[in-house]
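Here's a quick briefing on aromatic rings and what sits around them. Have a look at the model first, then read on.

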Amino acid sequence: MIEKEYADYAWEQAEALLGVDSPSGFTHNAARWVLEAFRNLGYDVHLTGKGGVLADLGGENSQDGLLLAAHTDTLGGMVSQIKGTGRLTITPLGGLNPNNTEAENVRVYTRDGKVLEGTFQLCNPSVHVNGAYSSTSRSFDAMEVVLDEATASKAETEALGVQVGDIVCFDPRTRRTASGYLKSRFLDDKLSVGILLGLAKYLKDRNITLPRRTYVHVTVFEEVGHGGSSSVPQGVTEAISVDMGCVGDGLTCTEHQVSICPKDSGGPYHYEVVGKLIEAAKASGADYALDVYPHYGSDVEATLRAGYDLRHGLIGPGVYASHGYERSHIDGVLNTLKVLEGYLNL
């Protein structure tokens, strides 16, 4: 049975990947990082046409293949306007919510290779000046990037190399607590990329040959809806999205568990696959929860919408405060690894 050392390894990989900015559309550095991580473990791996990463974990039955999908693209922003004050209006990339981005440090990547620091603030953000501070609705129209540069005009900001279309990345603020909690923006879904690397290392360390040909697809457009819509290898009959498990009111999952999802806003997952995931959880002794997600879509749903004929499922470590400052636990990582190991050997 897979040991905790592989959960720790998974977190170490996730932590390193969280340090590589990669909102949807700006994922080349993270994809290269993931490619090298799988290559260093000894796997056949390549970049897809869309910029994702496809790794072959091996296995015997290539006519009943399994695809494990996670994504390395995150939420972020794009410069949509340079204001007369030299400050920046942004448009969101993915489901970025302005209510939980206020006063965050950001990095602006320019086309000429500069990285400029700044802060995403409410316009007129001083409570000593703005009497309507508390009552102002947080929106992307009411907020702006204040660059940490000596600029007070559009011309001065343009002279720094900033232009419309530049990428704005939010500081993830990544940390692991002494009690095992994992906190960061963008655990969705870099934590699961780390988990799949942990699984890959376990298979390599133990020299395990899987009964089914198994692939990992790390996608780069999940947050905008089409990450898993391509690059399914021939012979794959099942695809499982390894993404965050939801934690919140009305659900049973905690950060310490692995979540198995029977249905989300895209409809039900394949009944037999969900059943096999439950069986794998029980057989491996994983602490798991079954939950229906009210506002969620996954890579493998995009795969089905693209016309691929396969069965699909969704699991992931419990993540609290999704699309905000997220929190999971090393126990949830280990429980997810247990289910994956069990499923691969069913």
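Which residues form one aromatic cluster? That would be Phe120, Phe140 and Phe170. Keep in mind that this is a predicted model. The count of aromatic pairs comes to 5, and two of these pairs are picked out below, along with a couple of arginines parked over rings.

**The tyrosine pair**
- Tyrosine 6 and tyrosine 202 meet edge-to-face, with 5.3 Å centre to centre and 80° between the planes.
- This one links distant parts of the chain: tyrosine 6 sits in helix α1 (residues 4–18) and tyrosine 202 in helix α4 (residues 187–205), 196 residues apart.
- As for the surroundings, tyrosine 6 and tyrosine 202 are both buried.

**The phenylalanine pair**
- Phenylalanine 120 and phenylalanine 140 make a tilted pair, at 6.2 Å centre to centre and 35° between the planes.
- Phenylalanine 120 belongs to strand β7 (residues 115–122) and phenylalanine 140 to the loop between β7 and β8 (143–147), so the pair ties together parts 20 residues apart in sequence.
- Buried or exposed? Phenylalanine 120 counts as buried because its relative accessibility is 0%.
- Phenylalanine 140 has 14% relative accessibility, so it counts as buried too, given that the cut-off is under 20%.

**Arginines over rings**
- Arginine 173 lies over the face of tyrosine 325, at 4.1 Å from the ring centre.
- Over the face of tyrosine 181 you'll find arginine 327, at 4.0 Å from the ring centre.

Conventions: Residues are numbered from 1 along each chain as its sequence is written. This is a predicted model: local features need pLDDT of at least 70, side-chain atom pairs count only at pLDDT 80 or more; totals for chains, interfaces and linings use all residues. Side-chain values use heavy atoms; hydrogens and water are left out. Rings of Phe, Tyr and Trp (its six-membered ring) pair if their centres lie within 6.5 Å; planes under 30 degrees apart count as stacked, over 60 as edge-to-face and the rest as tilted. Helices (H or I, at least four residues) and strands (E, at least two) are DSSP runs, numbered from the N terminus. Buried means under 20% relative accessible area, exposed over 50%, partly exposed in between (1.4 Å probe, protein chains only). A charge sits over a ring if NZ of Lys or CZ of Arg is within 6 Å of the ring centre and within 35 degrees of the ring normal.
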